[in-house]
Amino acid sequence: MSCTTASPDNSNFQLPLLNFAISPVPKKNPSDKGRHIKTAAALIIGDEILNGKTLDRNSNYFARFCFEHGIQLKRVEVIADEEAEIIEASRRMVQTYDLVVTSGGIGPTHDDITYASLAKSFDQGLIYHNETLARMEESGKHRAWVSKQSEEQRTARKRMALFPDAAEVIFVASDIWVPVVRLQGKLCIFPGIPSLFQKMLDNLKPFLPLPPEEERPFRLQVFTPLPESSIAPFLTNLQKRVQPEGIRIGSYPVLQKGVYVSLIGANRGRVNQLGVEVEKEVEGRVVTEAEAEAKRQLGCQ
């Protein structure tokens with residue numbers, strides 16, 4: 001049996017199936033100080049994002065992850081591969097938010113400086129992580145090019161296992177040798193490759209003190225063909241009325257098609273009740289999340 005595996009240096013090859021051990025889930029999560037994660041931030045690192053070469057998909061996926069699990073994503077920043085920027089942003093975010101993720105900058109090249117910069121940010125040294133090195137070697141031993149690498153090239157590859165020395169290293173998937181590296185109990189370092197970022201984030205859930213189901217929000221969407229200006233007075237008054245209940249009202253126009261009205265709150269029954277009122281007032285109808293996403297995608301074309 002074979003599978004296609006990827007690594008932070010963006011190499012894809014047909015390899016024998018990997019089956020690495022997953023890190024044990026601790027009884028008490030290091031970032032759980034008697035409460036669940038409530039706020040989060042994402043730090044997207046990479047010149048290629050800022051110069052338009054690469055489309056950032058990871059912040060959007062993280063935003064969806066946060067919403068689905070009842071976490072308020074408060075900030076997303078995109079910064080260059082510059083040490084000073086990484087240090088400043090990471091320190092500020094760790095002081096402010098319960099969960100911080102970084103994406104990008106952990107490959108083998110000269111501009112992959114995330115691990116080293118974050119080590120400096122939190123006054124740590126760098127050390128090779130032996131288990132990560134072993135998994136890297138295991139995943140690459142069937143690649144013909146690995147045996148042909150020079151010492152300089154092998155050293156560059158090993159940089160992907162050179163972590164801050166006080167980091168927590170979490171292996172979250174049996175078929176991925178790359179771990180999630182966590183600092184300060186709350187800053188989680190991810191690769192920039194979307195397929196890896198998404199799978200590793202989803203698999204990290206058992207290691208995070210996520211809010212319980214009853215605290216997670218429910219979103220109802222109503223689509224109306226009316227222009228946004230026609231429904232604005234009603235939505236303004238509605239938001240004032242339901243704000244004390246913790247319900248948020250939003251409107252999102254689709255060019256030349258209509259408007260999506262979004263109602264978000266923890267009380268599903270109350271949100272559904274308000275949905276009936278909104279349907280009537282804006283001459284619209286409730287739509288599913290899938291239908292809303294499909295219509296939005298068409299509106300962007």
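These legends accompany close-up views of a predicted model. Local features need pLDDT of at least 70 and side-chain atom pairs count only at pLDDT 80 or more, while totals for chains, interfaces and linings use all residues. Residues are numbered from 1 along each chain as its sequence is written, and side-chain values use heavy atoms, with hydrogens and water left out.

**View 1. A salt bridge within helix H5 joins Arg135 and Glu131.** The closest N and O atoms are 2.7 Å apart; a salt bridge here is a side-chain nitrogen of Lys or Arg within 4 Å of a carboxyl oxygen of Asp or Glu. Because the two residues sit four apart in H5 (residues 130–140), about one helical turn separates them. H5, like every helix named here, is a DSSP run (H or I, at least four residues), strands being E runs of at least two, numbered from the N terminus. Arg135 is buried at 6% relative accessibility, whereas Glu131 is partly exposed at 37% (buried is under 20% relative accessible area, exposed over 50%, partly exposed in between, with a 1.4 Å probe and protein chains only).

**View 2. Lys199 meets Asp175 in a salt bridge.** Here the closest N and O atoms lie 2.6 Å apart. Lys199 belongs to helix H8 (residues 194–203) and Asp175 to the loop between strands E8 (168–170) and E9 (180–183), so this pair links distant parts of the chain, 24 residues apart.

**View 3. Arg241 and Glu277 pair across two helices.** Their side chains form a salt bridge of 2.6 Å, N to O. Arg241 lies in H9 (residues 228–242) and Glu277 in H10 (residues 268–282), so parts 36 residues apart in sequence are tied together.
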